[in-house]
Structures are given as structure tokens and as C-alpha cells.
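Morning, everyone. Please pull up the chain on your screens, and keep the sequence beside it.

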Amino acid sequence: MSRPGPLITRTTAGFGHFGVAIAHWAGGHTISEEELLRRIIKARADAHAEAVDEHQWEARRAHKKITKLRRIAAEDGGLVTAAQSELEQAGHEARRHEAALEALGDFEVSAVDPGQVTHLRKRIAAVRCTVLALPVAGVAAGSWLIDGVVLLVSALGAVTACWARGNRPFELTVRPVPAELLAATARLALESKAEEEVEEKPEIETEDLGVWRQALRLFVEHAVAAAHLERKGGVLVVDLLQRLQASGLFLDKTPDAFPAVLRSVDIPVKKISVNGDKALGVHHTELTAALGRLPRLPAHLVPDLTRTEPLPHESP
């Protein structure tokens with residue numbers, strides 16, 4: 001039996017290498033397991049954040065309606081039956097959405113089932129196989145509707161590409177995780193690690209904390225003490241983060257991730273209400289219990305009790 005010529009051997013080898021490379025890409029094997037895991041976690045986090053935003057918006061709208069109806073009742077000396085029904089319905093909606101927010105809580109990174117990773121890879125593979133089928137379908141439709149020469153030209157181009165490739169296999173690589181996906185899920189990984197550290201070490205002495213942690217504890221203590229002086233229950237996490245970021249600190253943190261940073265330095269975080277806004281924050285009572293003493297005011301807010309001489313505008 002005669003051996004095939006070099007032209008056929010070269011073309012066949014190129015065809016095999018193209019087949020292996022296409023199968024590698026179409027099967028979704030260019031995507032690493034880490035990227036698939038991060039995609040699943042990001043999808044969960046996005047869905048959680050969307051649900052929280054929706055319930056917060058609905059709760060604010062209900063509270064605004066309650067405030068409006070109560071103002072009307074105070075001005076008019078009461079409400080008509082329809083308005084009373086609206087007030088009761090608004091109160092019910094506000095309580096329902098607040099209960100939903102309590103149930104949602106903070107987003108937690110839970111374990112991902114390996115079956116979910118496999119399912120996601122299969123979905124990607126299905127999309128890629130569909131993309132590969134489109135050119136083949138186009139060639140078939142062109143040959144049927146236009147002329148059979150379309151199929152001939154396409155086959156000739158494929159054979160030429162296989163011959164040009166020859167016995168040079170493609171490098172079957174796995175792409176790196178996209179930078180935007182790493183940035184979007186880095187805070188989730190940090191939050192999970194911080195919570196694990198808090199569970200393993202529930203009692204951390206101040207002397208054992210790093211310099212930045214001591215500074216963060218002192219900043220929060222001063223902020224909560226100042227808020228208590230203004231007859232507020234505490235400070236929202238969003239407000240704390242905005243003040244820190246205005247000073248150039250914690251620029252890589254988001255309001256969703258910052259509560260875990262506070263908890264990692266033994267700052268208690270819970271859902272509180274400040275000026276009608278209900279969100280995660282640090283309450284004065286909780287911080288007092290965590291510190292074992294009352295939070296201290298910053299020096300410039302401490303009243304001067306040592307002055308004995310009256311000021312010019314004061315009577316002796």
C-alpha cells in the first residue's frame with residue numbers, strides 16, 4: 001500500500017491541529033475555573049445588590065408617603081377614609097420592605113457547587129458552538145441560493161489554511177482572568193477572608209492591631225461620639241467611607257465591602273436609622289459595649305471646663 005504524498009500529509013496534519021484548537025475553544029476550555037467561580041460570585045453579588053437597592057428605594061418611597069400624609073393630617077386635623085387607607089398601606093409597605101432588607105442582610109460569599117461551574121462552562125460552550133455553526137450555515141445557504149461555487153471556494157480556502165498550518169500544533173492556553181472581573185470580585189474575596197479572621201479571633205487587643213487599624217478605630221470612635229453629641233444614634237457606614245475617601249483613604253473600598261473592614265477591627269456594624277435613613281452603620285450603644293467605655297470626642301470638640309475668667313460679652 002502506497003503512503004500518502006507530502007501534500008496530503010501536511011494538509012491532514014493541519015486539519016487535525018485546527019480541529020483540536022477549535023474543540024478547545026468551542027468547549028470553553030480557554031476559560032479558567034477561577035474565572036468561572038468569580039463570574040458566579042459576581043452574578044450573585046449583583047443580584048443581591050439589585051434586590052437591596054430595590055427594597056431601599058421602595059422603603060424610602062413608602063416613608064415619604066407616610067410623612068406627607070401625616071403632615072396633611074396635622075394641617076387638616078385628620079384624614080379622610082381613603083387617605084387613612086393609603087396611610088395604612090404605606091406603613092405596611094414600609095414594614096414589608098424593611099423586613100426584606102433585614103432578611104437580605106450583607107452579601108456573604110458562600111461555597112460554589114462544582115456543578116454550577118460545569119453548567120456555566122457548558123452554557124459558554126453552547127454559545128460558542130452556535131457561533132461556529134453560523135459560517136457553516138452561511139456557506140450552505142450561499143451554495144443553495146446563489147451558486148455551488150460558494151461551497152467550492154470555501155472548501156478550497158479551508159484546505160489551503162490546513163496546508164499552510166502543516167504540522168505546527170496550536171498552543172492550547174487558558175486566558176488570564178480579566179482585570180475588570182478581578183477588580184469587581186476582589187472586595188468579595190477580601191470580605192470573606194476578613195469575616196473568617198473575625199470568627200477565628202473574636203477578641204483582638206488594641207495593641208495587637210496595625211497602625212492603620214488603630215487609626216480607623218479612633219476615627220470611627222470620634223465620628224460616633226460627635227454624632228452622639230448632635231443627638232444622633234450613630235453614623236452610617238456610607239458616611240464614614242465618604243469622609244475617609246475624601247481624605248484619600250480606602251479609595252479601593254465600596255459601601256458593600258467596607259462593613260467587613262470595620263468588623264475586622266472589632267467595630268460593631270448593624271442596621272441603624274439616622275435622620276430617617278435606615279442602613280448599615282455604627283451605633284453609639286454598640287460601640288460603647290465593644291470599647292468597654294464611652295466613645296471619646298476629638299480634642300477640638302471637647303468643651304473647655306478649665307476657663308474661670310468671663311469673656312468680654314459675659315457678665316462676671
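Let me start with a question: which residue in strand 3 is the bridge partner of Ser273? Find Ser273, then look across. The partner is Lys278. Keep that pair in view, and remember that this is a predicted model.

Now the two strands around that pair. Strand 2 covers residues 270–274, and strand 3 covers residues 277–283. They run antiparallel, and 5 bridges join them. A quick reminder for the first-years. Strands in a sheet pair through backbone hydrogen bonds, and they can do so in parallel or antiparallel fashion.

Next, the whole sheet. It is open, it has 3 strands, and their order is 1-3-2. The pairing is antiparallel. Which strands sit at the edges? Strand 1, residues 234–236, and strand 2. Each of these pairs on one side only. From one strand to the next, the twist averages 65°.

What packs on this sheet? Take helix 8, residues 237–246. Helix 8 touches strand 1 and strand 3. Its direction makes about 70° with that of strand 1. Then take helix 10, residues 284–291. Helix 10 lies across strand 1, strand 2 and strand 3. It runs at about 20° to strand 3.

Stay in helix 10 and find Thr288. Buried or exposed? Thr288 has a relative accessible area of 18%, so it counts as buried, since the cut-off is under 20%. Its side chain reaches the backbone oxygen of His284 at 2.7 Å. What else does Thr288 touch, if we leave aside neighbours within four places in sequence? Arg293, Leu294 and Pro295.

Let's step back to the full chain. It holds 10 helices and 3 strands. Read the pattern along the sequence with me: α-α-α-α-α-α-α-β-α-α-β-β-α. Of the 316 residues, 30% are buried. Now consider contacts with a separation of 6 or more. Residues 24 or more positions apart account for 71% of them.

On to a helix pair. Helix 4 spans residues 114–145, and helix 5 spans residues 149–165. They pack at an angle of about 145°, with their axes 7 Å apart. Who meets whom? From helix 4 come Val139, Gly142 and Ser143. From helix 5 come Val150, Leu151 and Ser154. By class, that contact has 3 nonpolar, 3 polar and no charged residues.

Also in helix 5, look at Val159. Val159 is partly exposed, because its relative accessible area of 45% falls between the 20% and 50% cut-offs. How far is Val159 from Thr12? In sequence, they are 147 residues apart. In space, the distance is 9.0 Å, C-alpha to C-alpha.

Last topic: cysteines. How many disulfides does a search of the whole structure find? The count is 0. Two cysteines are still worth pointing at. Cys129 is partly exposed, with a relative accessible area of 42%. Cys162 is buried, with a relative accessible area of 7%.

To close, go back to where we began. Ser273 pairs with Lys278 in strand 3, and helix 10 lies across the three strands of the sheet. Trace that on your own screens. Thanks, and over to you.

Key
Residues are numbered from 1 along each chain as its sequence is written. This is a predicted model: local features need pLDDT of at least 70, side-chain atom pairs count only at pLDDT 80 or more; totals for chains, interfaces and linings use all residues. Side-chain values use heavy atoms; hydrogens and water are left out. Helices (H or I, at least four residues) and strands (E, at least two) are DSSP runs, numbered from the N terminus. Buried means under 20% relative accessible area, exposed over 50%, partly exposed in between (1.4 Å probe, protein chains only). Two strands pair if DSSP finds at least two bridges between them. Axes are lines fitted to C-alpha atoms, for helices over the stretch in contact, and angles run from 0 to 180 degrees between N-to-C directions. Contact means heavy atoms within 4.5 Å. A polar contact is a pair of N or O atoms within 3.5 Å; within protein, one must be able to donate a hydrogen and the other to accept it, and residues adjacent in sequence count only if both atoms are side-chain atoms. Ala, Val, Leu, Ile, Met, Phe, Trp, Tyr, Cys and Pro count as nonpolar, Asp, Glu, Lys and Arg as charged, and the others, Gly among them, as polar. A disulfide is a pair of cysteine sulfur atoms within 2.5 Å.
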